[in-house]
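This report introduces a protein structure to a reader who has not met it before. Please keep the sequence and the model at hand while reading.

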Amino acid sequence: MLMMEQRRIVTWVGTYGGESVEAIIDLFLGLERMAPGSLETTAKAFQVAAQDYDIEKIVEFGCGSGVSTIELARLSGAPIIGVDNCAPFLAQLKQKIAQAGLDQQIQVREQSMEVAWRKGTCFDLIWCEGSAYAIGLENALQRWRELLKPGGRIALSDLVWIDTDPDAEVQEYWQNQGVTLCYPNDTLALFSSQGYQVVDYFIFPESDWQNYYQPLRARLPRWKAEYSYPENAGAIDQLFQEELRMYDQFKAQYGYAFFIAQRAP
Ligand SMILES: C[S@@+](CC[C@H](N)C(=O)[O-])C[C@H]1O[C@@H](n2cnc3c(N)ncnc32)[C@H](O)[C@@H]1O
């Protein structure tokens, strides 16, 4: 069982070292966000996605503990299925759903983003914040297209290069993490080649990174001191401290972008 859980989440945490899956889950269970973002950014992307289009049914992939799921439910008023393969994150989301009285509107499914859906399943909007890279952007776009009605929308956020000549150190860092960063234009071309028409894209403001990194910075030392397996905690702490250091040093060179597109007919 543990092995299965490890295998299922390793695509995400693999970027941080698969040996400490439980430790990473424990670290993130104490954080609101697991990627850069804000309620404002979620709302901005939703407005673009919903422009001149009725959103009646939504699926969110890699919803985690649901920071954007709850906001999306409020913004859209539409039924949402939140999909994630990590049960502890979904348990947290279920608590939030109950607290917000949104049980009728939001369902959660513990399954892979790659799982095939029943034939004929169709959504008006696919949402994915900070998670698509876990299965590869091209793969995600290919798989998810058939889940969208013609004209249906997709909004997803991903890491991108901003500097045209990023420093070798930061390139090497992300490469070693197994994370592929594209230039926004390349991602836009990928959308087109996979049968989508891009509606718009925008780069996250710096404050969206702080929404993620400030609580992470604050939590790491306390968590490291308290977590039951000090060796794992030490290794994970080091990995995230390195990610934070990269950001501090090279934040002008890369960023997070939201891409909003519609399924081409
Ligand atoms: C970086 S977190 C982002 C979570 C959330 N969207 C947020 O912004 O806080 C990535 C999420 O994707 C989930 N995940 C990773 N690989 C997955 C897969 N193959 N299928 C389903 N969920 C996956 C992880 O469990 C995690 O909740």
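The sections below describe the nonpolar cores, three helix pairs and a few single residues of this predicted model.

## Nonpolar cores

The largest nonpolar core of the model holds 50 residues. Those with the most contacts inside this core are Ile58, Ile126, Ile154, Ala155, Phe259 and Ile260. Strand S7, which spans residues 254–263, supplies the largest share of the core, namely seven residues. Another core lies apart from this one and has 12 residues, including Val21, Ala23, Phe28 and Ala35.

Ala155 may serve as an example from the largest core. Once its neighbours within four places in sequence are set aside, Ala155 is in contact with Ala45, Ala49, Trp127, Phe258 and Ile260.

## Helices H9 and H10

Helix H9 comprises residues 206–226, and helix H10 comprises residues 230–250. Their axes come within 11 Å of each other and cross at roughly 150 degrees. An angle over 145 degrees counts as roughly antiparallel, and H9 is therefore roughly antiparallel to H10. The crossing of the two helices, H9 and H10, is left-handed.

On the side of H9, the contact involves Trp209, Tyr213, Leu216, Arg217, Leu220, Trp223 and Lys224. These residues meet Ala233, Gly234, Asp237, Phe240, Leu244 and Tyr247 of H10. Sorted by class, the contact of H9 with H10 contains nine nonpolar residues, one polar residue and three charged residues.

Asp237, located in helix H10, deserves a separate look. Asp237 counts as partly exposed because it has 19 C-beta neighbours inside 10 Å, whereas a buried residue requires 20 or more. Not counting residues up to four places away in sequence, Asp237 touches Leu220 and Lys224. From C-alpha to C-alpha, Asp237 and Lys224 are 6.8 Å apart in space, with a separation of 13 residues in sequence.

## Helices H2 and H10

Helix H10 also takes part in a contact with helix H2, which covers residues 21–29. The axes of H2 and H10 come within 9 Å and cross at roughly 65 degrees. With that angle, H2 is roughly perpendicular to H10. The crossing of H2 and H10 is right-handed.

Ala23, Ile24 and Leu27 of H2 make this contact with Asn232, Ala233 and Ile236 of H10. The residues in the contact of H2 with H10 divide into five nonpolar, one polar and no charged. Ala233 of H10 appears here and also in the list of residues that meet H9. Ala23 of H2 is, in addition, one of the residues of the core of 12 residues.

## Helices H3 and H4

Helix H3 runs over residues 39–50 and helix H4 over residues 67–76. The two axes come within 10 Å and cross at roughly 45 degrees. H3 and H4 are therefore oblique to each other. H3 passes H4 in a right-handed crossing.

From H3, the residues of the contact are Leu39, Thr42, Ala43 and Phe46, and from H4 they are Ser68, Glu71, Leu72, Leu75 and Ser76. By class, the contact of H3 with H4 has five nonpolar residues, three polar residues and one charged residue.

Thr42 lies in helix H3. Is Thr42 buried or exposed? Thr42 is buried, because 24 other C-beta atoms lie within 10 Å. Leaving aside neighbours within four places in sequence, the contacts of Thr42 are Gly37, Ser68, Glu71 and Leu72. Thr42 and Gln210 are 168 residues apart in sequence, and their C-alpha atoms are 15 Å apart in space.

## Two loop residues

Asp52 has its place in the loop between H3 and strand S1 (58–61). Its phi is near 55 degrees, a positive value in a residue other than glycine. Asp52 counts as exposed because it has 7 C-beta neighbours inside 10 Å.

Pro166 is found in the loop between strand S5 (148–161) and helix H7 (168–176). Since 17 C-beta neighbours lie inside 10 Å, Pro166 counts as partly exposed. Apart from neighbours within four places in sequence, Pro166 is in contact with Trp161, Gln171, Gln253 and Tyr254. Pro166 and Phe250 are 84 residues apart in sequence and 8.5 Å apart in space, C-alpha to C-alpha.

Key:
Residues are numbered from 1 along each chain as its sequence is written. This is a predicted model: local features need pLDDT of at least 70, side-chain atom pairs count only at pLDDT 80 or more; totals for chains, interfaces and linings use all residues. A nonpolar core is a set of buried Ala, Val, Leu, Ile, Met, Phe, Trp, Tyr and Cys residues joined through C-beta atoms within 7 Å. Helices (H or I, at least four residues) and strands (E, at least two) are DSSP runs, numbered from the N terminus. Two residues are in contact if their C-beta atoms, placed from the backbone, lie within 7 Å. Axes are lines fitted to C-alpha atoms, for helices over the stretch in contact, and angles run from 0 to 180 degrees between N-to-C directions. Angles under 35 degrees count as roughly parallel, over 145 as roughly antiparallel, 65 to 115 as roughly perpendicular and the rest as oblique. A crossing is left-handed if the near helix is turned anticlockwise from the far one by less than a right angle, and right-handed if clockwise. Ala, Val, Leu, Ile, Met, Phe, Trp, Tyr, Cys and Pro count as nonpolar, Asp, Glu, Lys and Arg as charged, and the others, Gly among them, as polar.
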